[in-house]
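Student: I would like a close look at a single part of this model, a loop residue and its surroundings, and then at how the neighbouring elements are arranged. Please take it slowly and keep the reasoning explicit.

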Amino acid sequence: STGCAGVSPLFTIKVVCGAELNLKVWLEGYCLPAPFSGTMAPAWTNQQRTDLGNGNMGTPTGNEADLVMVELYDGSSMLQYSDSVMIMTDGTGTMSLPSGASGNSYYILIKHRSHLQLRSLGQVTMGASVSYDFTTSDTQADNNGSNTSMIQLANGDWAMWAGDVSQDGFVSGDDVGLTDNDNLAGLAFDYISTDITGDGFASGDDVGLVDNNNLLGIYYLFP
């Protein structure tokens, strides 16, 4: 067996396989209402998406939570790889990488349209199939020395902080204002970042969640 899909073991050839990064991450907003059941809201379906986003082939199954952007940085903080990854309602998602990534180590940065970005505490060495689970501990990600890197859920798992709608690295008054504006406008069943809980509506619960994290002074800056 060659270990690579679609390659016949009958020929003597050199096969260069790609790398694969298997991620697990919770999005705070999609883990409501408490107590967390272990399955996130299917925001992709609730917000009426019928594709898989960013040119990805296939159709939704109903088990998609949302797309995140995954970026891999080397030790000099230079971006080496980036791609959109669909995170499923069980928190899992997979990033496919070229063979050149294998054996090299990178920081894993995750960005989501309504949550605070998250970066692995250390560099992770890529290989044929590598897993990184952000949900097990807040020490899986770096922090600014002020707030924890993630918020702890009722079941003990850890999730990305919700509410950075403006994507400036802070959960602040502008995020509250943007969310409340869409709440007052009655926006629903559209792919909007102000639907923090992923239930298909920009509503009072979204405003409350963002304001709670605003009052906690949650922010993220790279070390």
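Tutor: Ser-120 is buried, because its relative accessible area is 0% and the cut-off for that label is under 20%. The structure is a predicted model, and Ser-120 sits in the loop between β7 (115–119) and β8 (124–125). A polar atom of the Ser-120 side chain lies 2.8 Å from the backbone oxygen of Gly-122. Once residues up to four places away in sequence are set aside, Ser-120 touches Tyr-106, Tyr-107, Ile-108, Tyr-132, Phe-134, Gln-140, Ala-141 and Asp-142.

Two of those partners lead into the nonpolar interior, since Ile-108 and Phe-134, along with Leu-21, Met-40 and Leu-72, touch the most other members of the largest nonpolar core, which has 49 residues. Strand β3 (residues 64–73) supplies the largest share of this core, with 4 residues. Leu-72, again leaving aside neighbours within four places in sequence, is in contact with Leu-21, Met-78, Leu-79, Gln-80, Tyr-81, Met-95, Leu-97, Tyr-106, Tyr-107, Ile-108 and Met-126. Tyr-106, Tyr-107 and Ile-108 are thus among the contacts of Ser-120 and also among those of Leu-72.

Met-40 belongs to another loop, the one between β2 and α1 (43–46), and it counts as buried because its relative accessibility is 2%. Its contacts beyond four places in sequence are Val-25, Trp-26, Leu-27, Tyr-30, Cys-31, Ala-65, Ile-87, Met-88, Thr-89 and Gly-91. The C-alpha atoms of Met-40 and Asp-90 are 6.5 Å apart in space, although the two residues are 50 apart in sequence.

Turning to the sheets, one of them is an open sheet of 3 strands in the order β5-β1-β9, with mixed pairing. Its edge strands, each paired on one side only, are β5 (92–97) and β9 (130–133), and the twist averages 20° from one strand to the next. Strand β1 (residues 19–24) runs antiparallel to β5 and is joined to it by 6 bridges; among these pairs, Leu-23 has Gly-93 as its bridge partner, and Lys-24 has Thr-92. Along β5 the side chains alternate, with Gly-93, Met-95 and Leu-97 pointing to one face and buried, whereas Thr-92, Thr-94 and Ser-96 point to the other face and are not buried. Two residues of the buried face, Met-95 and Leu-97, are among the contacts of Leu-72.

Another open sheet also has 3 strands and mixed pairing, in the order β2-β11-β10, where β2 (26–27) and β10 (151–152) are the edge strands, each paired on one side only. Strand β2 runs parallel to β11 (residues 158–160), and 2 bridges join them. Within that pair, Trp-26 stands opposite Ala-159 of β11, and Trp-26 is also one of the contacts of Met-40.

Finally, there is a pair of helices to consider. The axes of helix α2 (residues 173–185) and helix α3 (residues 204–215) come within 9 Å and cross at roughly 175°. That angle makes α2 roughly antiparallel to α3, because angles over 145 degrees fall in that class. The residues of α2 that meet α3 are Gly-173, Asp-175, Val-176, Thr-179, Asp-180 and Asn-183, and their counterparts in α3 are Gly-204, Asp-206, Val-207, Val-210, Asp-211 and Asn-214.

Note on methods: Residues are numbered from 1 along each chain as its sequence is written. This is a predicted model: local features need pLDDT of at least 70, side-chain atom pairs count only at pLDDT 80 or more; totals for chains, interfaces and linings use all residues. Side-chain values use heavy atoms; hydrogens and water are left out. Two strands pair if DSSP finds at least two bridges between them. Buried means under 20% relative accessible area, exposed over 50%, partly exposed in between (1.4 Å probe, protein chains only). A polar contact is a pair of N or O atoms within 3.5 Å; within protein, one must be able to donate a hydrogen and the other to accept it, and residues adjacent in sequence count only if both atoms are side-chain atoms. Contact means heavy atoms within 4.5 Å. Axes are lines fitted to C-alpha atoms, for helices over the stretch in contact, and angles run from 0 to 180 degrees between N-to-C directions. A nonpolar core is a set of buried Ala, Val, Leu, Ile, Met, Phe, Trp, Tyr and Cys residues joined through side-chain atoms within 4.5 Å. Angles under 35 degrees count as roughly parallel, over 145 as roughly antiparallel, 65 to 115 as roughly perpendicular and the rest as oblique.
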